[in-house]
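The following note concerns the empty spaces, the ligand site and the backbone geometry of the model shown below. Please read the numbered points alongside the structure.

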Amino acid sequence: MDILAQAKILAQQGKTIYHLEIGEPDFPTAEVIIDAGIEALKQSKTHYTPALGLPELRHAVAGYYDRKFSLEINPERIIITPGASGALQLAIACLSDAGDNVLLADPGYPCNRNIAQVLAVETIAIPVGAENYYQLDAKSVQQHWNSRTRAAMVATPSNPTGTVLPEEQLASLCQFVEQKQGRLIVDEIYQGLVYDRDDYTALSISDECFVINSFSKYFGMTGWRLGWMVVPEDYVGAIDRVAQNIFLAPATVSQHAALTALKAETQIILDSRRDVFKQRRDFLLPALEQLGFDVAVKPQGAFYIYANCERFTDDSFSWVKKLLVEQGVALTPGIDFGEYEAGKHCRFSYTQSLEKLERAVDKIDAFINS
Ligand SMILES: Cc1ncc(COP(=O)(O)O)c(C=O)c1O
């Protein structure tokens with residue numbers, strides 16, 4: 001937030017800023033999806049929907065799993081939410097009471113610990129490194145699990161590292177958590193933005209996980225605030241009651257637009273955007289390595305590169321601030337994602353055009369060599 005505020009001030013002063021700190025696609029929402037939203041508004045689809053979402057959208061999400069992963073998911077298990085953020089709140093609220101705890105990866109998505117804190121749920125941050133693809137595994141979770149632990153949270157691909165949790169690692173993690181009668185919360189918000197390898201869902205491995213997804217990233221609908229969660233059947237009633245009270249319902253117009261987002265024809269447009277992200281990663285990763293950044297695990301998804309910058313600094317927060325002021329390049333320092341080796345890392349988002357990324361790399365080069 002400090003970096004963003006500083007970037008705004010510099011932009012107002014007329015300085016060109018290269019935004020490699022932004023965690024959302026630069027593309028606007030695809031036109032077919034926007035048209036579907038406009039049409040829904042014209043047809044006065046402006047009332048509340050059921051708290052769990054439009055039945056036809058829950059069916060369409062089930063169709064998405066069938067088409068993409070040949071998986072039959074009962075639409076009753078699919079809950080439409082205000083973004084993955086809404087799903088994360090519902091998951092933590094329904095799985096834990098005040099004083100319980102959830103386990104999460106450090107580095108990891110920062111809002112998780114804050115959502116838990118709002119709910120008076122404690123978080124136990126588990127340091128993760130390159131040896132485990134910056135992801136939790138059964139061994140590390142076993143070491144930290146205690147009598148008040150209710151869940152472990154993972155994201156695949158991960159924010160900030162872009163690494164995919166290997167299926168075998170996820171399977172043994174599921175097995176351990178289930179044996180403890182806890183739950184694994186798997187955030188698949190970057191599903192669809194996976195490069196070099198096949199995409200997968202935790203639902204192919206276990207029906208016991210809480211699987212979270214969103215229309216924000218692959219579907220390019222951040223501002224529409226819509227996501228979903230697939231849960232074991234026996235949790236649906238409790239989640240319905242919590243959702244009715246804290247959200248009432250997800251946005252109606254967004255749900256109608258999402259029906260178009262899930263169509264096979266729309267996927268062609270979205271896949272071509274994914275290919276653009278891959279091209280950008282394929283430019284930025286070697287360019288950063290050439291400058292002297294170290295990226296221990298090749299990011300295979302999302303639109304982030306989590307780079308070790310200890311060749312230049314062990315205080316990435318100050319370094320990133322100086323880079324912004326001197327060269328106009330905005331990055332996210334490691335401290336945003338936890339504490340473990342945070343000062344030696346920063347996150348690069350490739351949510352900008354190739355041309356802008358090229359210019360940003362030149363600027364970083366000038367900064368390092370000044
Ligand atoms: C890992 C992860 N989970 C959840 C979210 C929240 O996304 P939204 O609420 O827009 O679906 C984000 C946003 O950046 C994220 O990176």
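1. The largest pocket encloses about 940 Å³ of space. A pocket here is an open set of points, on a 1 Å grid over the protein atoms alone, with protein on both sides within 12 Å along at least five of seven lines, and lining residues have an atom within 4 Å of a point. Grid points are joined across faces, edges and corners, and a volume is the space filled by probe spheres set on the points. The model is predicted: local features need pLDDT of at least 70, side-chain atom pairs count only at pLDDT 80 or more, and totals for chains, interfaces and linings use all residues. Residues are numbered from 1 along each chain as its sequence is written, and side-chain values use heavy atoms, with hydrogens and water left out.

2. The lining of the largest pocket comprises 36 residues, and those nearest its centre are Met 1, Gly 23, Tyr 109, Asn 159 and Arg 347. Two or more lining residues come from each of α1 (2–12), α4, α5 (111–118) and β11 (332–333); helices (H or I, at least four residues) and strands (E, at least two) are DSSP runs, numbered from the N terminus. Helix α4 supplies the largest share, 4 residues. By class, this lining has 19 nonpolar, 9 polar and 8 charged residues. In this classification Ala, Val, Leu, Ile, Met, Phe, Trp, Tyr, Cys and Pro are nonpolar, Asp, Glu, Lys and Arg are charged, and the others, Gly among them, are polar.

3. Where does the ligand sit? It occupies the largest pocket, by the criterion that more than half of its atoms lie within 2 Å of the grid points. There are 13 residues around the ligand, of which Ala 84, Ser 85, Asp 187, Ser 214 and Lys 217 come nearest; a residue is counted as near if one of its heavy atoms lies within 4 Å. Helix α4 (residues 83–95) gives the most to this shell, with 4 residues. The shell consists of 5 nonpolar, 5 polar and 3 charged residues.

4. Several polar contacts of the ligand deserve inspection; the term denotes a pair of N or O atoms within 3.5 Å, and within protein one must be able to donate a hydrogen and the other to accept it, while residues adjacent in sequence count only if both atoms are side-chain atoms. A ligand nitrogen lies 2.6 Å from a side-chain N or O atom of Asp 187. A ligand oxygen is 2.7 Å from a polar backbone atom of Ala 84, and an oxygen of the ligand is 2.7 Å from a side-chain N or O atom of Arg 225. Taken alone, the ligand exposes 400 Å², of which the protein buries 92%; accessible areas come from the Shrake-Rupley method with a 1.4 Å probe, and for residues only the protein chains shown count as cover.

5. The second largest pocket has a volume of about 280 Å³. Its lining has 22 residues, with Leu 104, Ala 105, Pro 107, Gly 108 and Tyr 109 closest to its centre. The elements β3 (101–106), α5, β4 (122–127) and β5 (149–155) each give two or more residues to it. The lining divides into 11 nonpolar, 7 polar and 4 charged residues.

6. The structure also holds 3 cavities of 30 Å³ or more, a cavity being a set of grid points where a 1.4 Å probe fits but cannot get out. The largest cavity measures about 60 Å³ in volume. Its lining includes Thr 156, Pro 157, Glu 188 and Arg 197, and comprises 4 nonpolar, 2 polar and 4 charged residues. The second largest cavity has a volume of about 40 Å³. Among the residues that line it are Pro 25, Lys 217 and Arg 273, and the classes are 5 nonpolar, 1 polar and 2 charged.

7. Three backbone features should be checked. Most residues other than glycine have a negative phi, and most peptide bonds are trans. Thr 156 and Pro 157 are joined by a cis peptide bond with omega of about -10 degrees, and Asn 159 and Pro 160 by a cis peptide bond with omega of about 25 degrees. Pro 157 is in the loop between β5 and α7 (167–179), as is Pro 160. Tyr 133, although not a glycine, has a positive phi of about 60 degrees; this residue is in the loop between β4 and α6 (138–144).
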